[in-house]
Each structure stands twice: as structure tokens, then as C-alpha cells.
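Here's a quick briefing on one protein model, covering its burial, its fold and its charge pairs. Have a look at the structure first.

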Amino acid sequence: QRILFTLGALIVYRLGTYIPVPGINAVALSEIVNNTNSGVLGMFNMFSGGALGRMTIFALTILPYISAAIIMQLFSNSIPYLIELKKDGQAGRNAITQYTRYGTVLLAFIQASALAVTLSSGGLAYNPGTAFFVSAVFSVVAGTIFLMWLGEQISERGIGNGISIIIATSILTGIPSAIGQALEQARQGDLNILMLLSIGV
């Protein structure tokens, strides 16, 4: 039952990576992604399982949650109030988890706002303006919060480590296309066949 629940949750996650942010110019976005797929954008797109390249509601994936968790981990060893919370047992851990969720929402709003401004200034929105900004930000933030919740559900009702499983799924879904791209580069002579074999090993 736990395995089936986890598989069902991952199917929901993968479906969500194809739901686009409202008002996105898909043609212009596709051209930019194809031209910059090997750079930093390509790396972030891999971690999002292609959601960033398609500019979907899961474009930020679970990264704001990871950032918030790291920040809380640092603060919980330096801020007296949080240090005391850690000593309170399960109640304290629950409180820190709740603060991590709040931090996730805050970081998601900041990152989604930056993303919406970038989309508008880059000509990737059909009608850049306040309406697009608000809809894009809230769509992406809602997607991030949903993924955070989904990861917690996998941890509690699935096979555990929900956040890690979502990240691993994102990366694994990019492997077939990466292999195909490498084989195509080797066929065209852009990639040495020995180098390709070395990478495979």
C-alpha cells in the first residue's frame, strides 16, 4: 500500500510538471530553453524534471523548502529560542517544522516574484503586467506548497523520504533525454566515443 501510494503521488507530481503558468508564450520559451539548455538553466531544469523549461506551476519544485530547511537548521543551532525548541522533544520539532513551512512560503514568494519579473521583461508573457505577475506568482507558489505537502504525505503514508524521492524523480526523468543527446553528439562527432564510454562507466 505504501509503495502504491508513493507511485500515485509521483504520477500526480509528474502530471503537474505539464500544467503551464497562465499567460506564458510557449513558443518563445521553447526557443530560449533550446538555446540555453546546456548552461545553468539546463541544470535547474534537470532538478525540476523539466518543469522549469516548460514554465509550469512546479517550476520552483521543492527547492524553496530545501532552502528553508537549511536556514532553519543553521538558526536552530545559533538562536536561543530555537535551541530551546529543539530540547522540547516532539513538540519542539513540530514547531520548527511549522516555521520551516512558513519560510518555504516566504522564499517561494520571493523566487516566484523574481521569476515573474524575468518572464515579463524577457518577452515570455503574452500580456505582461500586474494581472500576469499576480497569476504567475500565486500559481508557482501554490505549486511549491502543494509539492511540499505531497513530499510530507509520501514521508508519512508512503515509503518515506518524500522530499528526496521527489528530487530523485525529477533528476531520473531527465536521464533518458540526456543519454539520447549524448548519443546524438557522438554520432555527429561532437563527442568522442571514448569519452562517451567513459561517462557511461
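Of the 201 residues in the protein, 37% are buried (under 20% relative accessible area with a 1.4 Å probe, protein chains only; exposed is over 50%, partly exposed in between). This is a predicted model, where local features need pLDDT of at least 70, side-chain atom pairs count only at pLDDT 80 or more, and totals for chains, interfaces and linings use all residues. Numbering starts from 1 along each chain as its sequence is written, and side-chain values use heavy atoms, with hydrogens and water left out.

**Fold**
- You get 10 helices and zero strands (DSSP runs: H or I of at least four residues for helices, E of at least two for strands).
- The C-alpha atoms fill a box of roughly 60 × 50 × 35 Å along the principal axes.
- Among contacts (heavy atoms within 4.5 Å) with a separation of 6 or more, 70% come from residues 24 or more positions apart.

**Salt bridges**
- There are three salt bridges (a side-chain nitrogen of Lys or Arg within 4 Å of a carboxyl oxygen of Asp or Glu).
- Arg101 pairs with Glu152, with the closest N and O atoms 3.0 Å apart. Arg101 sits in helix H6 and Glu152 in helix H7, so this pair ties together parts 51 residues apart in sequence.
- Glu152 is buried at 15% relative accessibility, while Arg101 is partly exposed at 25%.
- Arg187 and Glu184 meet at 2.6 Å, N to O; they're three residues apart in helix H9, about one helical turn.
- Lys87 and Glu84 make a salt bridge at 3.9 Å, with Lys87 exposed at 62% and Glu84 partly exposed at 45%.
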